[in-house]
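Colleague: I've got this model open and would like to learn how to read it. Could you take me through the features one by one?

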Amino acid sequence: MALRTVVVGGGAAGIGAAGAFKGAQPGGEVVVFTEFEDAAYSPCGIPYVHGREIPSFEALFLATKEQYAEQGIDIRYETAVTSLDLGARTVQVAGQGAVPFDRLIVATGFDYADPGVPGTDLQGLYYVKNIRRAMEWDKVLDSVKAAVVVEATPLGLEMVTALAHRGIETHVVDHRPWALSDLADPDIVEPVHQAWADAGVMMHFGVELKGFVGDGALRVVETSDGTIDADLAVICTKKVPNNALARAAGLKLGPTGGVIVDNRMATSVDGVFAAGDCTEIPLGVTNVGVQGLTGSHAYAQGKVAGTNAGGGRRTYQPVYIPWGMVAGDLMIGGVAFGETAAEALGIPYVMGQADGISRARYFPGVRKVRVKLLAEPGSLRLIGAQMAGGEGIKERADFLAMAVKTGITLEDLAFMENVYSPPIGALNEPIALAAQNALGRLAT
C-alpha cells in the first residue's frame, strides 16, 4: 500500500514538504489541508503590491491549482483540520471526519500576537496574511486618508513604506525605542527613520498602544501619547507560532511556543514532522531556540521534513539568520545579531565598523555602505553583523552568514579578496574595512 502523508498547512513549509515527499516517494500519496482559498503564494510580496512596486497580486502565486494536481499533490482548500490524534494516526477534518496518515507534517504557520487592547473587533483593522483579503484591502486603501501601523517589525517597516508610497497619511506606533529594535541597532536604523521623515511618516516610538475606538468602524487609535485619527490600522505585531493543534496533540514545545524538532524536522512523536513558523530552531551562535523566521527558512525546512517523511535522508542545520529589508531607496540587513541583542543576551564581543562604497567612487550610482562586525573576543570568530546602504546588502548578508557558520575570523575578513569592477565593486570592500577597524581598535 502506498505511503500516505498528510500535511497541515499550505504555505511555503507545507507546499515545500509536499513536493519533497513526492520527490522521495513518487508512488506515495500526499494530502495538504489549508484553511485558505490558495496555497503557496508569496505573502512577503503583499506590501509591495500595496505600495505599487509590484503591479498585481497574481504575480505572487507560485503555481496554479492545476499544476499542483498534475504533480500528484492533493490540496484540500478551505478545509480546516480541527485536531490531531497521534495515537490513532488520524487528523480530524471539519466536515469530513477522521483522515488517516502514515506520516504527518505540521506546517500550521504563525499568528500575529494579540495587541491586547480594547477595540480589536472593529472594522478597519488589517492583518496582512491572506492574499484574497489583501486584494480586498488594496481597494480599500484607495479611500484611506490616515493609517496607523502597529509596531515597526519587519512587516511593519514594509507596510509603513508601502502606505507612504500610496500617499496615505502614515503613522507608526511602537512601544520600543526604534524600528526593528529586536533585530537591528539604532545607528543602522537611523537612516530608515530619516527616509520615513522625508516621506512624511509620523513616528511614535516609545509609545504604548492603548486601544482602538470607533462606532463599528475604526475612527481613532488611542496611545499613551494621545490619540491619532485613523480609518485604518495595520496590525504588525510579533509573529507567534500557530501551535494550538500541536499543543493539544501533546507535541513537545519549546520556550518560544514553537514545536521542537531535530535536524530531520522530526518532532517528539515518531512519524510526525513539523516545519516553518510553527517550529523552534536553534540559532547557531548561541544554540538558543528562535521562531518566526523567513519564507526561505520555512521552505527549506519543509523540504527537509518532506524528504524524511518520504524515507529519504536530509538534515536542517542551526540558523544564522541572514536578513535584509528595503525602506524607500535604502537597504538594511545583517546576520545573527547586533550590539543591542548581544548586550541583552550577555554575549561578549569586539566590534569594528566602517563606511565604504558600493562601486568605484567615480562610477554613476555609487552608494554608501555601512558595515558593523561583531566577533568573539580572543578567537575573533565572526558572530554577527549589521549593515545599511544603497545596494549590495543582501549579497553581503548571505556571505557573512556563511562566514559566521564556518568560523571565519576578523583577520580572514580584514585581508579578504574582493571583486573590483567600477560598476559593481569598489577597490576597498566595506566588510574588509570594518574588520580592519576592529583589529585596529584591539591594537590600541
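Modeller: Sure, let's start with strands. Helices (H or I, at least four residues) and strands (E, at least two) are DSSP runs, numbered from the N terminus. Two strands pair if DSSP finds at least two bridges between them. Some ground rules: this is a predicted model, where local features need pLDDT of at least 70, side-chain atom pairs count only at pLDDT 80 or more, and totals for chains, interfaces and linings use all residues. Residues are numbered from 1 along each chain as its sequence is written, and side-chain values use heavy atoms, with hydrogens and water left out.

Colleague: OK, so how many bridges join β1 to β2?

Modeller: There are 5, between β1 (residues 4-8) and β2 (residues 29-33), and the two strands run parallel. Arginine 4, for instance, sits opposite glutamate 29 in β2.

Colleague: In what order do the strands of that open sheet come?

Modeller: The order is β3-β2-β1-β7-β19, 5 strands with parallel pairing. β3 and β19 (272-274) are the edge strands, each pairing on one side only. For angles, axes are lines fitted to C-alpha atoms, for helices over the stretch in contact, and angles run from 0 to 180 degrees between N-to-C directions. Ignoring direction, neighbouring strands here are turned by 20° against each other on average.

Colleague: Which strands does helix α1 lie across?

Modeller: Helix α1 (residues 12-24) lies across β1, β2, β3 and β7 (103-106), at about 175° to β2. Contact, by the way, means heavy atoms within 4.5 Å.

Colleague: And what is the pairing in the sheet that holds β22?

Modeller: That one is antiparallel: 5 strands in an open sheet, ordered β22-β23-β26-β25-β24. Since β22 (322-327) and β24 (350-357) are at the edges with a single partner strand each, one side of each is left without a neighbour in the sheet. Its twist averages 10° from one strand to the next. β22 and β23 (residues 330-335) run antiparallel and are joined by 6 bridges, and methionine 325 has isoleucine 332 in β23 as its bridge partner. Helix α12 (residues 430-443) packs on the sheet, touching β24 and β25, and makes about 140° with the direction of β24.

Colleague: Now burial. Is histidine 297 buried or exposed?

Modeller: Buried means under 20% relative accessible area, exposed over 50%, partly exposed in between (1.4 Å probe, protein chains only). Histidine 297 counts as buried because its relative accessibility is 10%. This residue lies in helix α8 (residues 295-309) and, leaving aside neighbours within four places in sequence, is in contact with Tyr316, Val319 and Ile321.

Colleague: Which phi sign should catch my eye at glutamate 78?

Modeller: Most residues other than glycine have a negative phi. Glutamate 78 isn't a glycine, yet has a positive phi of about 50°. You'll find glutamate 78 in the loop between β3 (73-76) and β4 (81-85), and at 58% relative accessibility this residue counts as exposed. Leucine 180 also has a positive phi, about 55°, in the loop between β11 (169-174) and α6 (186-198). Leucine 180 is buried, though, with a relative accessible area of 3%.
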